[in-house]
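This report is meant for a reader who is meeting the structure for the first time. Please look through the sequence and the model before turning to the sections that follow.

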Amino acid sequence: MTPDRIIRLRREAWGFAVGSIFFAVGAVPFYAEAVGPVWTNATFAVGAVFFTLAAFIQLALSGRRPPRRGTNPADRADWYAAAVQLLGTLLFNVSTINALITVVNTDARVGDGWRPDALGSIAFLVASALAIVATKDRHTLWDRHARTWHGTWLNMIGSVFFGISAVGAYVIPDSGDLVSLFWANLGTFLGALCFLTAALLSRRSIHVDGTPAAAPTASGAS
């Protein structure tokens with residue numbers, strides 16, 4: 001693995017870690033009560049930007065262009081996982097910005113950001129599934145440290161929690177209330193913790209001197 005890829009891998013991990021922290025903090029009710037709805041939604045919007053930056057780096061490491069004929073299955077799944085995840089982060093940008101506009105502009109319709117939020121959660125689920133496929137043959141990846149079993153499964157669990165959050169955040173048209181504010185916040189918080197843990201473990205897979213960590217055991221843990 002070249003020094004340039006090492007640097008980008010570390011930046012990717014930090015991007016997902018910082019974005020996860022913003023989402024986790026924004027989902028804490030005490031924080032929301034302390035700073036108010038504007039700053040709470042701004043926190044989510046900033047977190048989404050970090051997610052997008054990290055996802056762009058991840059796609060760049062995967063080759064940027066769609067796989068060609070002859071690309072091995074693991075690299076093909078890895079590229080599509082990165083591409084779909086980038087799309088998901090962009091949808092989260094749309095969702096969080098819409099939510100921020102809603103609390104700033106009283107004329108905006110509550111719930112405008114729900115559809116991109118739901119689509120972003122679906123994209124994360126699809127990306128996580130593709131990442132698991134890529135991890136099955138990680139020894140054939142462009143870099144075998146790019147995907148790990150603990151990382152892909154933590155991201156899958158986090159994506160499930162984000163999906164639960166999206167369901168809870170659906171605005172009931174007749175009442176204007178959320179389906180479940182509790183699950184909207186808890187799903188976001190737990191999902192963000194899963195993404196944060198995966199990012200930090202990924203960050204630790206590369207030593208400070210820039211050399212890859214030891215290969216995982218046969219069980220797939222690293």
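## Overall fold

Helices and strands are taken here as DSSP runs, a helix being a run of H or I with at least four residues and a strand a run of E with at least two, and both are numbered from the N terminus. On that basis the protein chain, which is shown as a predicted model, has six helices and zero strands, and its pattern, followed along the sequence, reads α-α-α-α-α-α. The protein chain is made up of 222 residues, and 46% of them count as buried.

## The largest pocket

How much space lies in the largest pocket? The computed volume is about 930 Å³, and the pocket is lined by 34 residues, of which N41, F44, A99, A169 and L178 are the closest to its centre.

The lining draws on several parts of the chain, since at least two of its residues come from each of α1 (3–26), α2 (29–61), α3 (73–104), α4 (114–136), α5 (149–168) and α6 (181–204). It is α3 that gives the largest share of this lining, with seven residues. When the lining of the largest pocket is sorted by class, 19 residues are nonpolar, 13 are polar and two are charged.

## Cavities

Apart from pockets, the whole structure was searched for cavities, and three of 30 Å³ or more were found. The largest cavity holds about 350 Å³ of space, and among the 25 residues that line it, E12, Q58, R147, N155 and A198 lie nearest its centre.

Which helices contribute at least two residues each to the lining of the largest cavity? They are α1, α2, α3, α4, α5 and α6. By class, this lining consists of twelve nonpolar residues, eleven polar residues and two charged residues.

## A nonpolar patch on the surface

On the surface, V35, V38, W39, V103 and V104 together make a nonpolar patch of about 440 Å². Two elements, α2 and α3, each give two or more residues to this patch, and the largest share, three residues, comes from α2.

One member of the patch can be looked at individually, namely V104, which lies in helix α3. Is V104 buried or exposed? With a relative accessible area of 55%, V104 is exposed, because the word is used for residues with over 50% relative accessible area.

## Buried residues in three helices

Three further residues, taken from separate helices, illustrate the buried class. A42 has its place in helix α2, and its relative accessible area of 18% makes it buried, because buried means under 20%. Although A42 and I101 stand 59 residues apart along the chain, their C-alpha atoms are separated by 9.6 Å.

In helix α5, T152 counts as buried at 3% relative accessibility. From C-alpha to C-alpha, T152 and A129 are 8.2 Å apart in space, while in sequence they are 23 residues apart. D117, whose place is in helix α4, also counts as buried, with a relative accessibility of 16%. The C-alpha atom of D117 is separated by 9.3 Å from that of S165, a residue 48 positions away along the chain.

Note on methods: Residues are numbered from 1 along each chain as its sequence is written. This is a predicted model: local features need pLDDT of at least 70, side-chain atom pairs count only at pLDDT 80 or more; totals for chains, interfaces and linings use all residues. Side-chain values use heavy atoms; hydrogens and water are left out. On a 1 Å grid over the protein atoms alone, a cavity is a set of points where a 1.4 Å probe fits but cannot get out, and a pocket is an open set with protein on both sides within 12 Å along at least five of seven lines; lining residues have an atom within 4 Å of a point. Grid points are joined across faces, edges and corners, and a volume is the space filled by probe spheres set on the points. Ala, Val, Leu, Ile, Met, Phe, Trp, Tyr, Cys and Pro count as nonpolar, Asp, Glu, Lys and Arg as charged, and the others, Gly among them, as polar. Patches are made of residues with over 30% relative accessible area and no salt bridge: like charges are joined within 9 Å, nonpolar side chains (Val, Leu, Ile, Met, Phe, Trp, Tyr) within 5 Å. Accessible areas come from the Shrake-Rupley method with a 1.4 Å probe; for residues, only the protein chains shown count as cover. A salt bridge is a side-chain nitrogen of Lys or Arg within 4 Å of a carboxyl oxygen of Asp or Glu. Buried means under 20% relative accessible area, exposed over 50%, partly exposed in between (1.4 Å probe, protein chains only).
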